[in-house]
Amino acid sequence: MTSNPFSFEIVSPDSESSARAGRLSTPRGDIRTPVFMPVGTHGTVKAMRTEDLASMGAQILLGNTYHLYLRPGHLLIKELGGLHKFMNWQKPILTDSGGFQVFSLGQPGQNEVRQGVTRKPLVKIADHGVEFRSPWDGSKHWMGPQESIQVQEALGSDIMMSFDDCTPYPASREQVMVSMKRSLRWELEGLQIRQHSHQALFAIMQGGMYTDLRAQFTEQIFEGMHDSLAKAQSDEEKYLRQFQGIAIGGLSVGEPSELLYSMTEFTAALIPAHYPRYLMGVGYPEDIITAIDSGIDMFDCVLPTRSARNGLLFVWGGKLQVKHAAYKKDPRPIDETCACYTCAHYSRAYVRHLLMSREILGAILGSIHNLHYYLHLVTRARLALENNEWGRFKREYWAVHNSRVLPQK
Ligand SMILES: [Zn+2]
């Protein structure tokens with residue numbers, strides 16, 4: 001037994017790949033990995049009640065620091081008892097650092113760039129943080145490593161993420177190096193700022209699409225962490241001066257799949273095995289299966305809920321666009337092999353009708369199915385690893401996998 005509030009243990013490593021099943025212990029209970037974390041951007045996984053998420057096996061949810069800071073405000077959430085109580089979810093919550101949104105939402109959108117719209121950028125980057133404007137009311141704000149940690153502490157999340165500069169894609173070597181330098185400094189500052197050992201802090205590995213820069217970044221983060229650890233006096237302080245997990249950032253930002261896969265494999269191998277590894281913002285089911293094989297333990301993505309609202313539904317082996325006319329009279333469930341509430345009670349024709357009529361229930365039923373699909377897929381992967389059947393599971397998955405959207409001509 002360890003006295004640390006957070007610990008990670010590899011339960012079942014695969015003998016032929018880097019995949020592993022593990023257990024991440026937190027003060028709010030154990031998380032069995034690999035794990036998929038549904039995204040609750042504004043303190044809610046869109047269209048889902050938390051009791052439904054729990055009943056379909058969600059072990060941990062993701063909250064969004066940037067959005068909750070702007071609306072309704074982290075201090076209001078703290079006053080009302082913290083994010084868990086506010087959103088009625090007692091299992092673990094991971095919060096992102098806000099960095100990704102501060103940068104990405106501050107830039108003019110691609111459509112605006114194409115249309116030649118010149119908009120004053122919302123973002124001003126300085127050495128110690130970022131100035132940005134609220135997209136809601138134009139008010140000016142400042143966020144740096146200190147503010148990001150303070151907001152996440154006020155929200156009371158169980159796992160906090162380091163404030164970093166997520167390098168866009170494509171980016172030149174020089175751009176990546178500037179952004180890496182900033183991330184490195186900000187992330188190591190976070191180790192000095194954090195106050196509470198009941199909240200874990202994860203580092204985020206950057207380095208763009210350059211393997212040597214990724215290797216360099218990883219080395220520097222661990223060097224910096226060991227320096228800060230060497231100065232720590234008490235056990236508590238030692239705990240606070242370390243990262244409890246490592247995330248891989250700067251991927252799934254528009255690069256081709258092959259590059260995502262090779263960079264994930266390369267970066268995961270740089271992270272010592274005893275850290276939980278979290279691949280941020282990934283991805284399609286086939287991306288997740290591939291990344292588990294590279295030794296990734298944690299995933300989050302808005303795809304299951306966002307796609308559901310657009311009628312893109314995941315089925316064993318592929319995906320279908322339920323709004324297509326081919327499903328107008330289809331009495332079958334979305335996926336005949338699926339055990340979710342939607343598939344038990346409703347037809348493709350009905351779900352299609354709801355989505356075509358823009359009924360709220362369409363988003364709800366689609367989200368239930370897609371989240372069930374993702375959670376169930378990752379659970380199956382974990383069980384396969386625990387039973388030493390990962391090789392067989394992969395073969396079965398890839399045998400039926402089809403990346404095209406149904407119906408096909
Ligand atoms: Zn279903």
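**Exercise 1. Work out how the zinc donors are spaced along the chain and which parts of the fold they join.**

Solution.
1. In this predicted model, the donors follow the pattern C-x1-C-x2-C-x25-H along the chain.
2. Matched to residues, the protein donors are Cys338 (SG), Cys340 (SG), Cys343 (SG) and His369 (ND1), at 2.1 to 2.3 Å from the zinc ion.
3. Cysteine 338 sits in the loop between β16 (318-321) and α14 (341-345), and histidine 369 belongs to helix α16 (residues 360-386), so the pair ties together parts 31 residues apart in sequence.

**Exercise 2. Classify the geometry around the zinc ion, and decide whether cysteine 338 and histidine 369 are buried or exposed.**

Solution.
1. Four donors count as tetrahedral if all angles lie between 85 and 135 degrees.
2. The angles subtended by the four donor atoms are 100 to 117°, so the arrangement is tetrahedral.
3. Buried means under 20% relative accessible area.
4. Cysteine 338, at 18% relative accessibility, therefore counts as buried.
5. Histidine 369 has a relative accessible area of 0% and is buried.

**Exercise 3. Describe the largest pocket and the second largest pocket by volume and lining.**

Solution.
1. The largest pocket holds about 1,600 Å³ of space.
2. It is lined by 50 residues, with Phe100, Gln101, Ser104, Ser252 and Val253 the closest to its centre.
3. By class, this lining of the largest pocket has 20 nonpolar, 22 polar and eight charged residues.
4. The second largest pocket holds about 260 Å³.
5. Its lining has 15 residues, and Asn4, Phe6, Gln242, Phe243 and Gln244 are the closest to its centre.
6. α10 gives the most to the lining of the second largest pocket, with three residues.

Terms used. Residues are numbered from 1 along each chain as its sequence is written. This is a predicted model: local features need pLDDT of at least 70, side-chain atom pairs count only at pLDDT 80 or more; totals for chains, interfaces and linings use all residues. Side-chain values use heavy atoms; hydrogens and water are left out. Donors are N, O and S atoms within 2.8 Å of the metal (3.2 Å for Na, K and Ca); water is not among the atoms, so sites may look incomplete. Four donors count as tetrahedral if all angles lie between 85 and 135 degrees; four count as square planar and six as octahedral if opposite donors are over 155 degrees apart and all others between 65 and 115; anything else is irregular. Helices (H or I, at least four residues) and strands (E, at least two) are DSSP runs, numbered from the N terminus. Buried means under 20% relative accessible area, exposed over 50%, partly exposed in between (1.4 Å probe, protein chains only). On a 1 Å grid over the protein atoms alone, a cavity is a set of points where a 1.4 Å probe fits but cannot get out, and a pocket is an open set with protein on both sides within 12 Å along at least five of seven lines; lining residues have an atom within 4 Å of a point. Grid points are joined across faces, edges and corners, and a volume is the space filled by probe spheres set on the points. Ala, Val, Leu, Ile, Met, Phe, Trp, Tyr, Cys and Pro count as nonpolar, Asp, Glu, Lys and Arg as charged, and the others, Gly among them, as polar.
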